[in-house]
Amino acid sequence: MEESLSCLGQVPLHPRKDQWGNTIIDGNGLAKLLAKEADMEYSEEELPVVYGAVKKKLGERIFSILENKFKHCQPSEEYLNISKFPWARIYTLNIDDALDRALLKNSPQKVNIRNRTDKVFDPDQLFQKLDYIKLNGSVDRVDKGLIFSVKDYGKTLANTPLWYKELAEDYFKFVFLFIGTKLKESVFYHQVERCKIDSESIEQRSYLLTPDATQIEKSNLLSGHNIEHIPCTLGEFSKWLKKTFPTPPTPNDLAIKTNPALEVMLGFETSGDRERYVKIFENVINISRSNLSSSLVQSTPKGKIRPFYKGFKPTWFDILEDVPAELKATQEVFEVALKALKGGCKLIVVSGPAGSGKTTLLKQVALKISENEDIPVYYIEQPVDILKEIVNELEKINSNKYLLVCDRLDVLSDDVEKIIDDSIINKGVILSCESQKVWESRTKYKLGSFCKEAYSLTLIEKTDAKSILQKIEKFGPWTRLGQLSESQRIKELVEKAKRQLLIGLFEATSGIGFEKIIENEYSSIKNEEERALLILVGFATMHKVYISDFFIKRALTDMGIDVSVATLANQMSGIISYDNGKLFARHPVYIRHLFDQLINCQSLHDCLCSLLTAYTVYEAPVIRFVNKNEGILFKSIINHNFMKDILRGDSSQILNIYESFEKIF
């Protein structure tokens with residue numbers, strides 16, 4: 001069963017009952033009833049026409065009629081069965097509450113019933129929560145309006161509700177299952193076509209379940225929208241689900257299918273509370289070569305220069321294939337970690353300037369200990385807000401010592417202090433890193449007592465240079481270095497790496513200065529859409545977090561840029577990385593130079609406003625409705641010191657931003 005399956009229904013193909021035990025009337029039946037109540041002659045006009053004609057005459061009584069027919073409904077057996085299965089999302093065009101009641105009674109997920117005008121919520125990646133969106137309104141929220149008449153549709157097209165936009169975006173991300181609809185919804189098609197034209201996206205194969213369709217209708221669905229018709233009633237589909245899945249999959253099953261690494265973590269589970277474990281270990285990687293190899297997909301063809309040698313952080317595939325050189329510092333931190341695991345130290349900190357190789361070193365040490373020592377190793381790549389819960393469970397599932405590795409120590413410093421100070425961690429050792437500036441000015445005062453001395457990344461030695469050059473020859477740009485003698489290569493790399501290792505690599509392989517490299521690359525970007533993407537992704541990269549594609553899409557749309565995020569990212573390959581919906585720019589050092597020297601304040605101001613606008617789809621306070629990563633990004637970009645820095649102290653631009661969003665946030 002697809003973990004990304006979504007469902008859309010309209011025409012009743014099943015015996016749903018109203019509160020009086022009568023079969024719920026369909027659109028034609030409602031049109032006839034409304035005409036009768038308004039004392040108007042009915043001549044088979046369609047519901048939108050009838051509703052528009054009688055609405056003024058019936059006034060408030062129309063809502064009483066609708067409540068009488070569509071409120072407190074009795075769900076059918078099919079509804080009750082389908083509601084036992086987890087779904088990514090459910091959109092419906094029905095206004096009755098039969099499915100509402102079935103879901104609230106049987107769903108294994110926590111159901112949130114949304115109206116089309118409600119604020120948007122991001123999909124729950126663990127499938128514990130289900131958004132059930134009533135696009136045409138709901139009989140129990142008539143104050144929010146209903147979409148029945150031609151005028152209603154016109155208003156919706158003119159001022160599209162947030163959830164209709166979200167539906168169109170979902171249509172290009174997920175496999176959709178349409179049940180019992182003729183798909184003649186003008187608002188739906190308008191949004192899909194808008195999204196398709198704007199983003200150059202291609203629909204995935206979706207499926208329409210109705211009892212019948214003409215040959216022309218089938219051909220139009222398949223060729224025009226990549227929708228395959230399956231002749232089937234809701235009852236037949238319900239029976240198929242029962243037969244195929246005698247025991248419905250759980251939300252955890254779908255979460256594990258989406259993130260196979262979770263299954264390894266759940267193998268340690270002893271309490272039986274799988275849901276809790278899925279949530280806790282969502283962002284924890286159990287480090288082993290077999291686990292990493294089975295859960296990752298190689299994205300860079302062999303023979304192509306690896307992104308790592310273009311300035312990107314190393315992927316786990318890079319680490320598995322020894323793309324970065326193992327330096328003297330790697331072995332030294334490896335030995336420090338082993339000593340800590342045997343002794344009483346609970347925290348090891350690696351500090352160094354930006355671009356000095358801290359993240360690379362952490363990943364290398366994590367894999368090295370996993371492969372060479374009988375010690376479990378866990379890695380947290382993204383910021384988390386449940387570090388205490390993670391450590392609590394790791395303490396339970398490990399009978400002996402273990403190593404917990406995490407990047408960005410400053411973000412986790414409050415939790416780390418409590419974990420060590422309160423003796424929550426006893427068997428484990430935390431290995432982390434932080435920039436030299438942040439460690440010395442801030443984090444050291446909080447955690448310095450737990451770490452005798454931070455390991456500082458210093459200048460590379462000649463032996464390191466030899467190792468690096470061997471890797472560059474195999475995986476990186478070798479054209480210029482290949483023309484030099486071995487001694488010249490070593491001298492070139494050692495001298496230029498005195499600034500920073502990353503800068504040294506750039507300058508040694510290109511033969512020109514780091515700043516000139518960035519300036520040349522940026523000047524080659526002639527497209528304003530690409531420059532906007534770079535700025536938006538850069539805001540996240542400089543704060544060492546990723547940015548999700550749906551935030552980028554919302555921000556670009558606000559700027560009037562209607563281009564696919566994937567298309568833009570592909571055009572920016574080598575500067576921007578796009579992986580599994582997450583975008584990163586090359587490196588904070590790279591972005592910092594761009595923002596400080598090359599990009600004008602007005603462009604930064606406009607992109608910052610649009611990115612903040614992307615957060616306005618959430619209710620306030622925003623921080624409660626986004627994940628830790630997106631929360632860090634939001635707090636970082638709305639911070640006054642950041643704005644003062646990025647906008648070069650321009651108080652008018654800073655005040656303009658705060659005034660624009662003061663009420664919203």
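This is a short group-meeting talk on a few packing and pairing features of one structure.

Okay, hi everyone. Before anything else, keep in mind that this is a predicted model.

Let me begin with the parallel strands. Strand 5, residues 176–179, pairs with strand 6 in the parallel sense, over three bridges. If you want one position to click on, F178 has L208 in strand 6 as its bridge partner. Strand 5 is covered on both faces: F176 and F178 are buried on one side, L177 and I179 on the other. Moving on, strand 6 (206–210) pairs with strand 7 (227–231), again in the parallel sense, this time over five bridges. There L209 has I230 as its bridge partner. Put helix 9, residues 215–225, together with strands 6 and 7 and you get a right-handed β-α-β unit.

Now the cores. Which residues have the most contacts inside the largest nonpolar core? They're F539 and F595, in a core of 79 residues. Helix 25, residues 528–541, is the top contributor, giving eight residues. A second, separate core has 44 residues, V50, Y51, F63 and L209 among them. So yes, that's the L209 we just met, bridged to I230. Back to F595: leaving out neighbours within four places in sequence, its contacts are I535, G538, F539, M542, L604, I646 and R648. As a general point, nonpolar side chains in soluble globular proteins tend to be buried together.

Next, the charges. The count is 26 salt bridges, and I'll show three. The first is D131 with R114, at 2.9 Å from N to O. D131 sits in strand 4 (129–134) and R114 in strand 3 (110–115), so this pair ties together parts 17 residues apart in sequence. Buried or exposed? D131 is buried, at 6% relative accessible area, and R114 is buried too, at 13%.

The second is E371 with R289, where the closest N and O atoms are 2.6 Å apart. E371 is in helix 17 and R289 in helix 14 (289–295), so here the linked parts are 82 residues apart in sequence. These two are partly exposed: E371 at 43% and R289 at 32%.

The third stays inside one helix. R592 and D596 have their closest N and O atoms 3.2 Å apart. They're four residues apart in helix 28, residues 588–598, so about one helical turn separates them. R592 is partly exposed at 28%, and so is D596 at 32%. There's also a network: shared partners join R89, R114, D131, E166 and R554 through salt bridges.

While we're on charged residues, have a look at K368 in helix 17, residues 358–372. K368 comes out at 17% relative accessibility, so it counts as buried, the cut-off being under 20%. Beyond its sequence neighbours within four places, K368 contacts E326, Q331, F334 and E373.

Then helix 19. Where does helix 19 bend? At D415, by about 40 degrees. Its buried residues include L409, L412, V416, I419 and I420. They pack against strands 9, 11 and 12 and helices 18 and 20. Just after the helix, S423 has a positive phi of about 55 degrees.

Last one: an open, antiparallel sheet of three strands, ordered 14-16-15. Strands 14 and 15 are at the edges with a single partner each, so one side of each has no neighbour in the sheet. Strands 15 and 16 are joined by four bridges, with D579 opposite K582.

That's me done, thanks.

Definitions and conventions. Residues are numbered from 1 along each chain as its sequence is written. This is a predicted model: local features need pLDDT of at least 70, side-chain atom pairs count only at pLDDT 80 or more; totals for chains, interfaces and linings use all residues. Side-chain values use heavy atoms; hydrogens and water are left out. Two strands pair if DSSP finds at least two bridges between them. Helices (H or I, at least four residues) and strands (E, at least two) are DSSP runs, numbered from the N terminus. Buried means under 20% relative accessible area, exposed over 50%, partly exposed in between (1.4 Å probe, protein chains only). Contact means heavy atoms within 4.5 Å. The bend at a residue is the angle between axes fitted to the seven residues ending there and the seven starting there. A nonpolar core is a set of buried Ala, Val, Leu, Ile, Met, Phe, Trp, Tyr and Cys residues joined through side-chain atoms within 4.5 Å. A crossover is right-handed if, with the strands pointing away from the viewer, the path from the first strand over the helix to the second runs clockwise. A salt bridge is a side-chain nitrogen of Lys or Arg within 4 Å of a carboxyl oxygen of Asp or Glu.
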